[in-house]
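Subject: Structure handover

Hello,

Here is the structure I promised to pass on. Please open it next to this email.

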Amino acid sequence: MNKSAALQMVVSMALFGSIGFFTRQTGVSAEALVFIRCICATLFLGGLWLLLGYAKREVWQRREVIRTLVCGVFLVLNWVFLFKAFEAMSISAAISIYNLAPIFVLIMGTLFLGERINIQSVLAVAVCFLGSLFVVGIEQFKSVDNFLNSGFIWAILSAVCYAMTMFIGKNIQQLSSYATTFLQTIVGIFMLAPIVSMAEFSGLSTTNWLYILGMGFIHTGFVYYLFFNSLRKLPALVTSALVFVDPLVAILLDVVILNFRPSWLQLLGIAFIFGGIIYTLLKPVPQAAVDNKSDLA
């Protein structure tokens, strides 16, 4: 195993895991934060794409470009919904539900591609969804108002959109990861520009701006570079294991810094979710989703 690549992957996953904490410190809405993130990522990764010479070697196919742009729509929605979930619920709960994306990929493969699913996979899916209910809290489902304000819908939508990004992007073969992400963040800029108010950025403190720019250049630029640089040098099994550094760091930061104290039922729910996900990642059907995890949070 390439130890340097493994270290880069661990660092990138650990930094991804701090996104929830950074989001809470920015002082802007989810839409505004994703808008800035798309601008920073476009500048940073687009610059690398040109400097490293990948742009000159790209093989442009119309079908792949269209598929990439569609993926971009779901990627941007995935970010917006995830950040909205962070606003409404604990980071631990949101990130646990968000990581249900491979489960949704498994379901989509079964529904739309006719891929076979065995009883063990059905049980894993059921366990994951039961775990998501435990994580949010059963009491949140006692009334419509509680349910709508719990953040559960935002978290589920973020997972579904992430799954759509992976599912649609599975067959993108020719475009490099840099070109793919560059096109997708360009889509985000055009999607969000009409709905983001520039007035939202007035009156922000220096600290707010540091966290906002950190989200853009560190979490979306530098971290994506580390991830892309390491992904192709590591076996799929290693990558599958290391991606769990992301939620682990997110939950630790939530507990240590933001003083989240999970109940025993929430702990059980987190265990259910990640137990089910680990099982599905070991199966051959959703493995493509892991190999395709170039569009991360």
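Below is what was found, from the whole chain down to single residues.

One caution before the rest: this is a predicted model.

Overall build

The chain holds 15 helices and zero strands. Its C-alpha trace spans about 55 × 50 × 35 Å along the principal axes. The radius of gyration is 18 Å. A compact globule of 297 residues would come out near 19 Å, so the chain agrees with that expectation. Buried residues account for 54% of the 297. Take the contacts between residues at least 6 apart in sequence: 89% of them join residues at least 24 apart. The accessible surface is about 13200 Å². Carbon and sulfur atoms supply 68% of that surface.

Two helices checked for length

Helix α1 covers residues 3–17. Its 15 residues should span 21 Å at 1.5 Å a residue, and the end C-alpha atoms are indeed 21 Å apart. Buried residues of α1 include A5, M9, M13 and F16. Why would positions spaced like that share a side? An α-helix has 3.6 residues a turn, so residues three or four places apart point the same way. The buried set of α1 also includes A6, Q8, S12 and G17.

Helix α10 runs over residues 177–192. The expected span for its 16 residues is 22 Å, and the end C-alpha atoms are 22 Å apart, so this helix agrees too. Its buried residues include Y178, L183, V187 and L192. Polar names appear there as well, among them S177, T180, T181, Q184 and T185. The buried residues of α10 pack against α3, α4 and α11.

The salt bridge

How many salt bridges does the structure hold? One. Side chains of opposite charge can pair when their charged atoms come close. Here the side chains are those of E31 and K84, at 3.0 Å, N to O. E31 sits in helix α3 (residues 30–51) and K84 in helix α4 (residues 62–88), so the pair ties together parts that are 53 residues apart in sequence. K84 has a relative accessible area of 18%, which means that K84 is buried, as the cut-off is under 20%.

The nonpolar patch

On the surface, L43, W209, L213, F217, I218 and F222 form a nonpolar patch. Together these residues have about 520 Å² of accessible area. Helix α11 (residues 206–231) gives the largest share, five residues. F217 is in α11. Its relative accessible area is 33%, so F217 is partly exposed.

Two more sites

G151 lies in the loop between α8 (144–149) and α9 (152–168). Is G151 buried or exposed? Buried, at 1% relative accessibility. Leaving out residues up to four places away in sequence, G151 touches A85, A88 and M89. G151 and A93 are 58 residues apart in sequence, yet their C-alpha atoms are 9.2 Å apart in space.

T110 is in helix α6 (residues 101–112). With 26% relative accessibility, T110 counts as partly exposed. Beyond its neighbours within four places in sequence, T110 is in contact with E115 and I117.

Best wishes

Conventions
Residues numbered from 1 in each chain as written. Predicted model: local features only at pLDDT ≥ 70, side-chain atom pairs only at ≥ 80, totals over all residues. Heavy atoms only, no water. Patch = residues over 30% accessible without salt bridge, like charges linked within 9 Å, V, L, I, M, F, W, Y side chains within 5 Å. Areas by Shrake-Rupley, 256 points an atom, 1.4 Å probe, with all protein chains shown as cover. Salt bridge = Lys/Arg side-chain N within 4 Å of Asp/Glu carboxyl O. Helix = DSSP H or I, 4+ residues; strand = E, 2+ residues; numbered from the N terminus. Buried < 20%, exposed > 50% of the residue type's maximum accessible area, 1.4 Å probe, protein only. Rg over C-alpha atoms; globule rule 2.2 N^0.38 Å. Contact = heavy atoms within 4.5 Å. Expected span 1.5 Å × (residues − 1).
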